[in-house]
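The following exercises concern a single protein chain. Each task is followed by a solution in steps.

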Amino acid sequence: MSSKKGSSRDVPDIRVFFGDLRKMTSTEVADGDISLVVTSPPYFNAPFDYPDLFPSYEDYLGLVRSFAHQSKRVLRRGRICAIVTDDMLVKEGSSNRGRKYPLVADTTGIFLDEGFLYRDKITWVKPAGYTRISRRSGVVLQHPYPMYFYPDNIQESILLFQNGEFDYGNLKDAPKNILESSRIDTAQLNKERWNLTVWNITNVLPFSGRVEEGIAAFPEEIPRRLIKLFTMVGETVFDPFAGSGTTLKVARELGRNGIGYEIDLELKRVLRKKLGGHGLILEEREGARRLRRSLQTRIHQNRSVAR
Ligand SMILES: C[S@@+](CC[C@H](N)C(=O)[O-])C[C@H]1O[C@@H](n2cnc3c(N)ncnc32)[C@H](O)[C@@H]1O
């Protein structure tokens, strides 16, 4: 496949802007230019990833509102915004008490307010032995009495919002070769049970030395399924919280173009490593910051289990 902008390279374009999504402009990502958003916003002050990143939950919801607004603007009519997120347990002060924040419900409300249709919710289930979870369930073993139950969380939500109704006539007008190369392998879909609202997928395992270390990266299998299910070859996928670039890597492998936004300049090196230099354009914008190292220091200072 040739790249969208007609270059002679035979790999699709991947472009990442380093800046604050809240300041993204239409010269960077034009209105209606995107065929699918696949992303995972930062999890509000998640103790293992983003401790104290946001001064308040209201400030966090402001970012989600801006994300919904930008997604509505850049998405083509009828297309999908897929969001991997989950409710978040955040420690309060120096105690081990946690407060649970309803990110899934609040994100859903914000996207509905923005005018999206609520298409579906898929529950991503990780293996039961997932090693990065906070082991709250030990509390009831220590105190086997009522009210000591705090379950371990091994799931996240994949929320699917749609930018108005899709015109299926668009597919009939597509060139035959593009339509055929975008055909979904239904044997694989059935075998791997993509047809259900529960997807069992192994998370990125927290081995030290991996390129995604210190980034709450999702496994490639999530964008792989979503990109095949909701885009045609040659279309453009957007990840407004690009992180290590998982969505963009898979987009390119599947012959789609990719655009990312990422606030943390310290992830440039990671993106280059994961995506390679070929066909990759990185640009700095207003609001870009250096975050990762300071977050990692805070995480090591805070390690203990909230309930
Ligand atoms: C959950 S991670 C995304 C991980 C990604 N899905 C992957 O597989 O590597 C969320 C990312 O959002 C970035 N971020 C936080 N606030 C942002 C903002 N205002 N604008 C753009 N990116 C932001 C964080 O630095 C982080 O890398």
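**Exercise 1. Is Tyr60 buried or exposed, and what surrounds this residue?**

Solution. Tyr60 has 22 other C-beta atoms within 10 Å. A residue is buried if 20 or more other C-beta atoms lie within 10 Å of its own, exposed if 12 or fewer, and partly exposed in between, with C-beta atoms placed from the backbone. Tyr60 is therefore buried.

The model is a predicted one: local features need pLDDT of at least 70, side-chain atom pairs count only at pLDDT 80 or more, and totals for chains, interfaces and linings use all residues. Residue numbers start from 1 along each chain as its sequence is written.

Next, locate the residue: Tyr60 lies in helix α1 (residues 57-74). Helices (H or I, at least four residues) and strands (E, at least two) are DSSP runs, numbered from the N terminus.

Then list the contacts. Leaving aside neighbours within four places in sequence, Tyr60 is in contact with Phe44 and Phe54; two residues are in contact if their C-beta atoms, placed from the backbone, lie within 7 Å. Between Tyr60 and Leu103 the C-alpha to C-alpha distance is 9.7 Å, at a sequence separation of 43 residues.

**Exercise 2. Describe the packing of α1 and α2.**

Solution. Two packed helices are described by the angle between their axes and the distance between the axes. For α1 and helix α2 (residues 103-113), the angle is about 40 degrees and the axes are 9 Å apart. Axes are lines fitted to C-alpha atoms, for helices over the stretch in contact, and angles run from 0 to 180 degrees between N-to-C directions.

This makes α1 oblique to α2; angles under 35 degrees count as roughly parallel, over 145 as roughly antiparallel, 65 to 115 as roughly perpendicular and the rest as oblique.

Finally, identify the residues involved. From α1, Leu61, Val64, Arg65 and Ala68 take part, and from α2, Asp106, Thr107, Ile110 and Phe111. By class, the contact of α1 with α2 has five nonpolar, one polar and two charged residues. Here Ala, Val, Leu, Ile, Met, Phe, Trp, Tyr, Cys and Pro count as nonpolar, Asp, Glu, Lys and Arg as charged, and the others, Gly among them, as polar.

**Exercise 3. Describe the packing of α7 and α8, and place Thr247 within it.**

Solution. Helix α7 (residues 221-230) and helix α8 (residues 246-253) have axes 9 Å apart, at an angle of about 50 degrees. The two helices are therefore oblique to each other.

Pro223, Arg224 and Ile227 of α7 meet Thr246, Thr247, Val250 and Ala251 of α8. The contact of α7 with α8 comprises four nonpolar, two polar and one charged residues.

Thr247, in helix α8, is buried, with 34 other C-beta atoms within 10 Å. Not counting residues up to four places away in sequence, Thr247 touches Val38, Thr39, Pro223, Val237, Asp239 and Gly258.

The buried residues of α7 are Ile222, Pro223, Arg225, Leu226, Ile227 and Phe230. These pack against α8 and against the strands β2 (34-39), β3 (75-85), β6 (117-125), β7 (155-162) and β9 (236-239).

**Exercise 4. How many helices and strands does the chain have, and what share of its residues is buried?**

Solution. The chain contains 10 helices and 11 strands. Of its 307 residues, 32% count as buried. Residues 24 or more positions apart account for 75% of the contacts with a separation of 6 or more.
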